[in-house]
Amino acid sequence: MSEKPIEDNGKAFLVLLLPISFLIIFLVATWRILLALIVLAIGFKIWQEYQWQQWTVRVNPIFHQLVRENQGRLTPMDLAIKGNFPGTTAKRYLDGKASEFGASIVNSEEAGQSYYFITASILGNILDSSEPVKELPAQPVTKTARSLLAAPPPTTLEEEETETESIPQLTQTHEEAKRSLEKQLIFGSLIQSELAKRLNVYSSTVYKRRNDPEFPEWSRSKDPDGIAWSYSEKTKEFFPVEEE
């Protein structure tokens, strides 16, 4: 009864021993070839890395130029068109630079993947006039006109004189605000810091939202006169949206 389990264990051991023996014989016979293949693979990998490093050195000036021209915002297509190489290569390069400099990566349906590289000069422009403007109590023109056209209640002589003096001041304030906007729009546009003051927000907020498709409606809700604004990538300025 005890010989059968021993026999079964011996057969199982032989089943395992045969593949192991063949593997050892194969490695002994071919170890030189396998070692040569491993060395070639490592050498090829090192050579590819060296070639990539040399290529990035040649592309770095193009990258720096685009960062300055586009205020730190780049897409793989921008780099691929400027450098005349495939988009996958441009994306790999920008991924490496984003990891190196800690850039922000934003995905959008229209522009695709965008990389934001912040330099000292760009940061200075963003923070330029970024302090929040103290919000003044604004009164719509229509309400002001109605209040002026409404019949005044009976007042004393002193109240009439006070009211007569205050009306020109309100009119002058509105006219000054209108002249200020006309002065800013002398070239038909506003720069980032001017629009931020007008919308009573941080300049960095305008910078982040300028490429948003809903930017015109957002700016309209913030504008004291209900004007919608749009951003031009070409001129880097903001223009009022014409109402249809």
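**Close-up 1. Ser114 and its polar contact with Arg73.** In this predicted model, the side chains of Ser114 and Arg73 make a polar contact at 3.4 Å. You'll find Ser114 in strand 3, which covers residues 112-116. With a relative accessible area of 3%, Ser114 falls under the 20% cut-off, so it counts as buried. Leaving out residues up to four places away in sequence, Ser114 touches Arg73, Leu74 and Thr75, along with Ser104, Ile105 and Val106.

**Close-up 2. Helix 2 packed against helix 3.** Here residues 76-83 (helix 2) pack with residues 87-101 (helix 3) at an angle of about 115 degrees. The two axes sit 8 Å apart, and the crossing is right-handed. On the helix 2 side, the residues in contact are Pro76, Leu79 and Ala80; helix 3 brings Gly87, Ala90, Lys91, Tyr93 and Leu94. Sorted by type, the residues of this contact come out as six nonpolar, one polar and one charged.

**Close-up 3. Helix 7 and the residue that follows it.** Helix 7 spans residues 192-199, and it is largely enclosed by the rest of the structure because six of its eight residues are buried. If you want to pick them out, the buried ones are Gln192, Ser193, Leu195, Ala196, Arg198 and Leu199. Right after the helix comes Asn200, with a positive phi near 60 degrees.

**Close-up 4. Helix 5 and helix 9, the two ends of the confidence range among the elements.** Helix 9 (residues 215-222) has the highest mean pLDDT of the elements, at 90, while helix 5 (residues 141-149) has the lowest, at 46. Over residues 141-149 the pLDDT is below 50, and this stretch has three contacts in the model beyond near neighbours in sequence. Another stretch to keep an eye on is residues 157-172, where pLDDT also stays under 50. For residues 157-172, the model has two contacts beyond four places in sequence. Where pLDDT is low, don't read the predicted coordinates in detail.

**Overview. The whole protein, for placing the close-ups.** The secondary structure adds up to nine helices and five strands. Starting at the N terminus, the order is α-β-α-α-β-β-α-α-α-α-α-α-β-β. Of the 244 residues, 22% are buried. Among contacts with a separation of 6 or more, 49% join residues 24 or more positions apart. The pLDDT averages 75 over the protein, and 66% of the residues score at least 70.

How values were computed. Residues numbered from 1 in each chain as written. Predicted model: local features only at pLDDT ≥ 70, side-chain atom pairs only at ≥ 80, totals over all residues. Heavy atoms only, no water. Axes fitted to C-alpha atoms, helices over the stretch in contact; angles between N-to-C directions. Helix = DSSP H or I, 4+ residues; strand = E, 2+ residues; numbered from the N terminus. Left-handed = near helix turned anticlockwise from the far one by under 90°. Contact = heavy atoms within 4.5 Å. Nonpolar A, V, L, I, M, F, W, Y, C, P; charged D, E, K, R; others polar. pLDDT = per-residue confidence, 0-100. Buried < 20%, exposed > 50% of the residue type's maximum accessible area, 1.4 Å probe, protein only. Polar contact = N/O pair within 3.5 Å; in protein donor to acceptor, adjacent residues only side chain to side chain.
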